[in-house]
Structures are given as C-alpha cells and as structure tokens.
Amino acid sequence: ISCAGYPTRRTFSEFLNRFGVLAPEILEGNNDDKVACQMILDKMGLKGYQIGKTKVFLRAGQMAELDARRAEVLGHAARTIQRQIRTYIARKEFIALRKAAIMLQSHWRGISACKLYEQLRREAGALKIQKNFRRHTARESYLTVRSSTITLQTGLRAMAARNEFRFRKQTKAAIIIQATLRCHAAYSYYRSLQKAAITTQCGWRRRVARRELRKLKMAARETGALKEAKDKLEKRVEELTWRLQLEKRLRTDLEEEKAQEIAKLQESLQAMQLQVEEANARVKKEQEAARKAIEEAPPIIKETPVIVQDTEKVNSLTAEVESLKASLQSERKATEEARNACTDAEARNAELVKKLEDSERRVDQLQESVQRLEEKLSNSQSEIQVLRQQSLAISPTGKSLTTRQRTMIVPRTPENGNVTNGETKVLSDMTLAISNVREPESEEKPQKCLNEKQQENQDILIKCISQNLGFSGCKPIAACVIYKCLLHWRSFEVEKTTVFDRIIQTIASSIEDNNDVLAYWLSNSSTLLMLLQRTLKASGAASWTPQRRRASSASLFGRMSQGLRSSPQSAGLSFLNGRGLSRLDDLRQVEAKYPALLFKQQLTAFLEKIYGMIRDNLKKEISPLIGLCIQAPRTSRASMVKGRSHANAVVQKALIAHWQSIVKSLNRYLNIMKANHVPPFLARKVFTQIFSFINVQLFNSLLLRRECCSFSNGEYVKAGLAELEQWCNEATEEYAGLAWDELKHIRQAIGFLVIHQKPKKTLNEITKELCPVLSIQQLYRISTMYWDDKYGTHSVSSDVIANMRVMMTEDTNNAVSSSFLLDDDSSIPFTVDDISKSLQQIDIADVDPPALIRENS
C-alpha cells in the first residue's frame with residue numbers, strides 16, 4: 001500500500017544533493033534541510049507529496065518530473081560553457097587571421113612605397129636638370145638686356161640732369177619771390193584763423209560753462225535739502241557761539257563800566273560829604289561871629305543891620321544846605337540805581353551763564369544730530385542705489401515677458417557656439433510652423449534636455465561660489481570661476497537669463513557683518529568687476545543681426561546635431577585646463593546685452609556696499625577711542641608733574657594706550673585685507689577716509705571744547721599722532737597712500753598748541769608758516785581758547801587777535817562762510833574706471849578651478 005501511494009522516498013540530504021541545482025538561492029540561505037526540501041518542491045509546483053521526519057515521500061511520476069527539470073538545468077549550463085569555449089576559439093582564429101592580413105598589408109605597402117620613391121627620385125633629378133638649364137639661358141638674356149638698359153639710362157639721366165640744372169637756374173629767383181609772397185599770405189591767414197579760433201573757443205567755453213553751471217544747479221537742487229538743513233544747523237551753532245562770545249564780552253564790559261561808575265560815584269559822594277562838613281563848619285563859625293558882633297555892638301544903633309545881615313547869611317546858608325541835601329539825595333539815588341543795575345547785571349550774567357551752558361549742550365546735541373543725519377544720508381543713498389537697481393532689474397523683465405509671448409526659448413550649448421540659459425530667439429511664423437510640423441517630437445526632447453543640463457550647470461556654479469574657495473596665486477578663485485563660466489556660456493550676449501540674478505542673490509546671502517567675509521567678497525567683487533569692465537561694451541541696435549543669422553538654421557534638432565558633432569568632452573576639458581578659451585587673459589570685448597549691464601551695475605552697488613560696511617565697522621570701532629585721545633587724563637598729568645623716571649615711563653604707556661588701541665585696530669584690518677588679497681587701491685581708499693575721519697573728530701573736538709586747547713593735551717595728541725605716523729611708515733605707501741596727509745588740520749593745530757613763545761609770533765608767520773591750512777576763524781578760536789596748564793605761558797598777542805577780528809569781519813562782509821568746523825566725507829571715493837585702471841591684468845588660465853568644477857568640467 002505504501003509503495004502504491006508513495007513509491008519514491010529520499011532522505012533530506014540525498015534530495016538536496018540531487019535537486020539543489022533547481023533552486024541554488026535556497027541552498028545559499030541558512031535554512032533547515034526539511035524546510036529547504038519543502039521550498040524546492042513548492043517552487044517546482046508539485047502537489048500531493050509528503051514530508052516525513054527524515055525523508056521526502058513522492059507520488060508516482062513526481063521523481064521523473066524533477067529529474068526532467070534537473071536535466072534541463074544541467075543542459076542549459078552545458079550549452080553556456082560550450083558557447084563560451086566556441087567564442088574563445090573563434091576569436092583566437094580571427095586574431096590570427098587579422099595579424100596575418102596586417103603583415104601582408106605592411107609588406108605590400110613597403111614594396112609600393114619603394115617603387116613610388118624611385119619614380120619621385122627620377123622626376124626630381126629631371127626637374128633639377130631642367131631648372132639649371134633654364135636658369136643659365138635666363139641669366140644670359142638678362143645680362144644682355146641689363147647692359148643695353150644701363151647704356152640707355154646713362155644717356156637719358158645725363159640729358160635729364162642738364163635740363164634740371166637749366167630749369168633750376170631759371171626758376172630760382174621766381175621761387176624766392178613766391179616764397180616771400182606765400183609767407184606773407186600764410187601769416188595773414190594764420191592771424192585771421194587765430195582770431196576766429198579764439199572767438200569760437202570763447203563762445204564754446206562759455207556755452208560749456210553755462211551747461212556745467214546748469215548741471216551743478218540741478219544737482220545742488222536735488223541734494224540741497226539735507227545740505228541746507230546741515231548748513232542751517234551749522235549756522236545756528238555758529239550764531240549761538242558768537243552770541244555767547246558777544247554776551248561774554250558785553251558782560252565783562254558792563255562789569256568794568258559799572259565798577260568805574262561806582263568808583264566815580266563814591267568819589268563824588270566823598271567830595272560832597274566834605275563840602276557839607278565844610279559848609280556846616282562855616283555856618284557855625286559865622287553864627288559864633290554874629291553872636292560876638294551882637295554882644296559887642298551898641299544895642300540901638302547896630303541892632304537892625306546885624307539882624308539883617310544875619311538873616312541874609314542864614315538864608316543863604318540854609319539854601320546851600322538844602323541844595324547840598326538835594327545833591328546828596330540825588331547822589332544816593334544814583335548809587336541806589338547803580339547798585340540795582342549791578343544786581344540786575346549779576347542776575348543777567350547768571351542767566352547768560354545758564355544760557356551758555358544750555359547752548360553748549362545744544363551745540364553738542366546738534367553735532368551728534370548732524371553726524372547721525374550724515375550717516376542716515378549715506379545709508380539712504382546706498383539704499384536708494386540698491387532700490388534703483390532692483391527696480392531696473394524688475395521692470396524690463398516684466399516688459400519683455402509681456403511683449404514676447406510668441407517667442408520660442410531656445411537654449412544653446414557651450415559646444416555648438418550658441419548662447420545659454422534660455423535665450424529668446426524670435427523666429428518667423430512660417431519657420432515655427434515648418435519646424436513644428438516636421439519635427440514636433442524631436443524638438444521638445446532636446447529642448448528639455450538642454451534646459452535641464454543648463455540648470456544643473458548653474459546649480460553647480462551657485463553651490464561652488466556659495467563656499468569660501470580661497471585664492472590661487474593672490475587671485476580670487478570665485479571671481480575667476482564666475483567670469484570663466486559666464487564667458488564660456490556666452491551669457492553676456494543673452495537677451496534674457498536668470499544666472500546673473502542667482503549669482504547676485506548668492507553674493508547677497510553670503511555677505512555677513514564679519515570683516516573676514518566682507519574682505520573676501522570685496523576682493524572677489526572688485527576682481528570680477530574689473531574683468532567685466534574690460535570685457536563688456538554696450539550694444540546698440542545692430543546687436544540683433546548676428547542672432548538672426550544664427551536663428552536661420554533649419555530646426556532645433558539640426559542645431560543639436562551640429563553641437564553634438566563638436567565633441568563636448570574636449571570642450572569641457574579645455575575649459576577645465578583653461579586653454580580651450582584661447583587666451584582668456586586677452587579679455588576680448590563682448591557686445592553686452594541688458595542683463596549683463598544690469599549685473600555689472602548690481603555688482604558695483606554690492607562693491608560700494610561692502611566697502612562702506614568695512615569702513616563704517618572700522619569707524620565704529622575707533623570712535624570711542626578717538627574721544628579719549630583728545631584729552632589726557634588728569635591723574636596721569638598729576639603723576640607726570642610729581643616725576644620719577646620709572647613712574648613717567650609707566651604714565652607714558654598709559655597715555656599712549658588709547659592710540660595704540662587705534663593702531664591695533666588699523667593693523668588688524670590691514671592684515672585682514674592682505675590675507676584676502678584686497679586690491680591695494682581699495683585699502684588705500686579705506687585708510688585715507690579713516691584718517692580723514694580721525695582728523696575731523698579730533699579737530700572739531702579741539703575747537704568745541706576749551707579744556708582740550710591746553711599745552712599738555714597738545715603734547716598728548718602729538719605723541720599719539722607720532723604713533724599713527726609710524727603706522728603709516730610700516731604699512732608702506734602701497735596700503736597707506738596719502739593717509740598721513742589727511743591729518744594736516746589736527747597736526748598744524750597741535751603744532752600751534754605746543755609751540756613756545758606764542759606772543760612773539762606775528763599773524764603772517766602763523767598763517768603762512770605754522771598753520772597755512774587753517775582758516776582765520778579756526779586760528780582765532782584756538783588762540784582765544786588756549787590755556788597753558790603746565791608752564792603758564794600765554795597765547796598770541798592782543799594785536800594778532802585784533803588783526804584776526806578785522807580779517808574775520810572782512811570775511812563776513814565778503815560773504816565768506818564763517819564755519820570753522822570740518823565735515824566728514826562718507827561718500828564712495830572711487831569709480832569702476834578707477835578700479836579697472838588700478839588693478840593689474842589677471843591671467844585666468846593660471847587659476848586652478850575647485851574640485852566641484854573639476855568633477856563637472
């Protein structure tokens with residue numbers, strides 16, 4: 001019964017050894033034998049079998065089916081092995097036949113080359129013989145012709161020489177007469193031309209001057225609002241200061257007049273008191289005399305006249321007493337009025353002192369507000385420039401999109417010489433219809449492929465420049481890579497593209513308030529701007545013609561095939577090595593379209609913004625230190641007066657600490673610029689403006705604060721200026737430039753403060769030798785505010801100050817500005833042409849591209 005039900009029985013190991021070939025992946029797995037057997041049977045699709053504990057039970061016919069499957073698998077493996085062996089044998093025979101054919105061909109070509117050489121050698125010999133024979137015959141004919149020609153030429157030349165001599169002899173006098181006549185005519189014509197030229201030059205210069213005046217007036221009207229406000233504030237400050245000075249002078253004059261009046265009144269009062277005492281004494285003496293006379297005289301006869309005389313004398317004396325009392329009362333009233341006026345004057349003086357303090361506070365506040373307004377003005381100007389450029393970038397694209405809805409965007413590859421990044425090409429309706437009818441499917445696919453490829457290239461470039469690529473041989477890699485890519489893709493000749501906007505956005509997102517990052521992008525932007533300035537030139541209406549010629553190709557598929565024929569791999573490798581663009585360092589001029597010109601303007605705005613940020617960061621860093629550098633600390637001065645060598649050295653170090661902090665800041669910024677290879681031209685501009693800022697701050701503080709115009713403060717500032725001069729010498733002229741000359745105002749003012757024997761100096765010596773740069777108002781203010789806290793010396797003489805006053809009044813009468821404060825110039829002190837002229841030519845082929853560009857050449 002069991003044999004009839006399951007005639008075939010195999011153990012698990014035997015079954016797997018025989019039929020494991022049918023499912024090798026099951027044997028490779030870590031499965032149990034029983035599970036593996038069941039998986040093989042299930043895979044073969046058998047039913048009705050049974051799995052025992054140690055064996056597999058198969059029904060009738062199932063074993064034969066498995067053997068058939070096994071034989072089929074083994075046969076397929078055998079066929080594969082046979083096919084490989086036969087392939088090997090056939091290839092071996094083919095190689096042997098090819099080798100034999102090559103040997104035969106080489107021998108036959110050698111025999112044919114020998115025959116050809118023999119024939120060519122014979123032809124060459126024949127040609128040489130012919131050449132020599134022909135040369136001999138030609139030389140003989142040439143010599144005969146030459147001899148005859150020489151004979152003819154000698155005769156003709158002799159005859160011509162005789163004729164020429166005769167002609168010169170005849171015409172010599174006529175030539176002299178003609179020369180004098182022509183000289184006279186030419187001189188008269190020259191004088192008339194000179195007069196006419198002078199007249200036309202005067203008229204033209206007058207016209208140009210009027211035009212320039214009109215432009216200057218327009219510019220003054222545009223930028224005059226803030227200037228007028230600033231001038232008003234300055235005039236108001238000056239008026240307040242002058243009023244304060246006038247009030248001080250009036251107060252001193254009033255005090256002197258009041259003192260003199262009081263002294264005169266006291267003297268007159270004393271004189272009146274003496275007169276009153278003398279009058280009283282006289283009255284007493286006369287009364288005594290009258291009494292004696294009455295007593296001595298007879299009673300009847302002399303009584304009446306004595307009484308009359310006494311009454312008259314008494315009346316006169318009483319009148320004099322009353323007059324003296326009235327004058328005394330008037331003098332007392334005058335003294336009381338003088339006292340009242342003195343108290344009023346003292347009250348007014350107190351009020352004026354308060355007003356003076358308030359006005360000084362207001363002056364300080366106005367100065368701070370003026371500085372803030374200047375900073376706001378510079379920031380607003382930079383923001384206005386950026387907004388203008390953004391508006392220029394937004395408006396034309398919108399117009400182009402609306403006006404070119406029917407244009408077809410045909411991206412071009414770098415290999416076929418066409419423009420990249422979706423340049424718009426205007427085709428006629430007929431060519432569009434024909435190309436769409438002929439190849440509707442073949443154009444869409446290449447267009448999509450090219451767009452995707454160009455988008456990938458742009459993404460790689462943006463990803464690359466968003467990193468800090470560093471420098472290669474003092475050349476910024478990012479700028480060179482951007483310029484190489486744009487020139488290789490011909491993006492400057494494109495009517496519409498997005499690569500410029502993406503580059504600008506990447507630069508804007510990379511800029512941080514970090515000096516290292518700012519210096520890195522300042523170097524890159526200046527280099528890229530120099531390359532653009534030397535490469536781009538504005539295109540006119542004629543720039544459309546070459547694009548229309550390119551658009552005349554049959555279809556997009558034809559252009560694709562032309563581009564693919566020109567080996568893109570070689571083009572990529574040439575771009576990678578820097579040799580494919582033949583001599584990029586020559587910087588050929590390119591007809592620039594609107595996006596390229598807009599990109600140049602935006603890059604210029606970013607360069608100016610980065611330059612302003614670096615300059616303003618340095619100003620913010622040194623501004624607190626400048627306030628401490630104008631006035632020496634009192635403790636340090638006291639310690640210097642006490643005096644010891646070691647103590648004085650310590651005090652000197654403490655005094656110069658603020659100046660050394662400024663020098664450290666300047667050194668740090670200079671090292672940052674050198675590390676990022678910022679062009680020396682821009683570094684010179686930065687430090688020149690910083691030194692101008694230091695000059696303005698120190699000089700204005702010196703003029704506005706009387707406590708700063710002292711001898712010890714002059715020595716303190718002079719020592720600090722020596723530190724700055726040493727820094728300029730160490731930084732060399734390449735980076736410092738004319739920065740030291742920007743401190744001329746504060747240098748001359750400090751030299752005037754520390755100079756000895758000021759009363760002996762005349763006004764001419766002060767204005768011509770000591771302080772030629774300073775104005776009369778500035779010299780007058782320094783001279784009146786000066787005080788010596790160290791040696792007790794005096795300022796200039798009163799005659800010099802009087803002469804200064806006279807000159808100041810003349811200047812005010814001549815409508816000369818009486819402003820004695822300096823203004824800080826926060827404008828951008830260079831143009832794109834200045835950068836292009838200052839930077840040297842860059843060899844882009846020597847710059848090593850980064851790894852990301854090398855991988856995607």
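Me: What makes a nonpolar surface patch here, and which residues belong to it?

Reply: Ile81, Ile85, Tyr88 and Ile89 do, and together they make a patch of about 430 Å². Keep in mind that this is a predicted model. To join such a patch, a residue needs over 30% relative accessible area, no salt bridge, and a nonpolar side chain within 5 Å of another one. Take Ile85, which sits in helix α5: its relative accessibility is 47%, so it clears the 30% bar.

Me: Why is Ile85 placed in its exposure class?

Reply: Set the value against the limits. Buried means under 20%, exposed means over 50%, and partly exposed is what lies in between. Ile85 has 47%, so it ends up as partly exposed.

Me: How do you know that Lys43 and Glu25 form a salt bridge?

Reply: The cut-off is a Lys or Arg side-chain nitrogen within 4 Å of a carboxyl oxygen of Asp or Glu. For Lys43 and Glu25 the N to O distance is 2.6 Å, so the pair passes. Lys43 is in helix α4 (residues 33-44) and Glu25 in helix α3 (residues 24-28), so the bridge ties together parts 18 residues apart in sequence. Both partners are partly exposed: Lys43 has a relative accessible area of 43% and Glu25 has 45%.

Me: What makes Arg69 and Glu65 a salt bridge too?

Reply: Their N to O distance is 3.9 Å, and the limit is 4 Å, so this pair counts as well. Arg69 and Glu65 both belong to helix α5, with their positions 4 residues apart, about one turn of the helix. An α-helix has 3.6 residues a turn, so residues three or four places apart point the same way. As for cover, Arg69 has a relative accessible area of 31% and Glu65 is at 35%, so each falls into the partly exposed class.

Me: Which parts of the chain does the bridge between Glu621 and Arg668 link, and what is its N to O distance?

Reply: The distance is 1.8 Å, which is within the 4 Å cut-off. The bridge links distant parts of the chain: Glu621 is in helix α15 (residues 594-629) and Arg668 in helix α17, 47 residues apart. Glu621 is partly exposed at 27%, and Arg668 is partly exposed at 38%.

Me: How many salt bridges turn up in the whole structure?

Reply: The search finds 10. There is also a network of salt bridges that links Glu118, Arg121 and Arg122.

Me: What makes the phi of His677 worth a remark?

Reply: Most residues other than glycine have a negative phi. His677 is not a glycine, yet its phi is near 55°, a positive value. His677 lies in the loop between α17 (645-675) and α18 (680-704), and with 28% relative accessible area it is partly exposed.

Me: And what is the phi of Thr732, and where is this residue found?

Reply: Thr732 has a positive phi of about 65°, although it is not a glycine. Thr732 is found in helix α19 (residues 711-736). At 38% relative accessibility, Thr732 lies between the 20% and 50% limits, so partly exposed is the right label.

Me: How do you know whether α22 is mostly covered or mostly open?

Reply: Count the residues that are under the 20% limit for buried. In α22, 9 of the 10 residues are buried, which makes the helix mostly covered. Among them are Ile776, Leu779, Tyr780 and Arg781.

Me: What lines the second largest pocket?

Reply: There are 20 lining residues, and Gln245, Lys248, Glu360, Arg781 and Met785 lie nearest the centre. The elements giving two or more residues are α5 (62-296), α6 (303-403) and α22 (776-785). α5 gives the most, with 6 residues. The pocket's volume is about 610 Å³.

Me: How do the residues of that lining divide by type?

Reply: They come out as 6 nonpolar, 5 polar and 9 charged. Lys, Glu and Arg count as charged, so Lys248, Glu360 and Arg781 belong in the charged group.

Me: How far apart are Asp823 and Val696, in sequence and in space?

Reply: They are 127 residues apart in sequence, but 6.6 Å apart in space, C-alpha to C-alpha. Asp823 is found in the loop between α23 (798-813) and α24 (832-838), and at 42% Asp823 counts as partly exposed.

How values were computed: Residues are numbered from 1 along each chain as its sequence is written. This is a predicted model: local features need pLDDT of at least 70, side-chain atom pairs count only at pLDDT 80 or more; totals for chains, interfaces and linings use all residues. Side-chain values use heavy atoms; hydrogens and water are left out. On a 1 Å grid over the protein atoms alone, a cavity is a set of points where a 1.4 Å probe fits but cannot get out, and a pocket is an open set with protein on both sides within 12 Å along at least five of seven lines; lining residues have an atom within 4 Å of a point. Grid points are joined across faces, edges and corners, and a volume is the space filled by probe spheres set on the points. Patches are made of residues with over 30% relative accessible area and no salt bridge: like charges are joined within 9 Å, nonpolar side chains (Val, Leu, Ile, Met, Phe, Trp, Tyr) within 5 Å. Accessible areas come from the Shrake-Rupley method with a 1.4 Å probe; for residues, only the protein chains shown count as cover. Buried means under 20% relative accessible area, exposed over 50%, partly exposed in between (1.4 Å probe, protein chains only).
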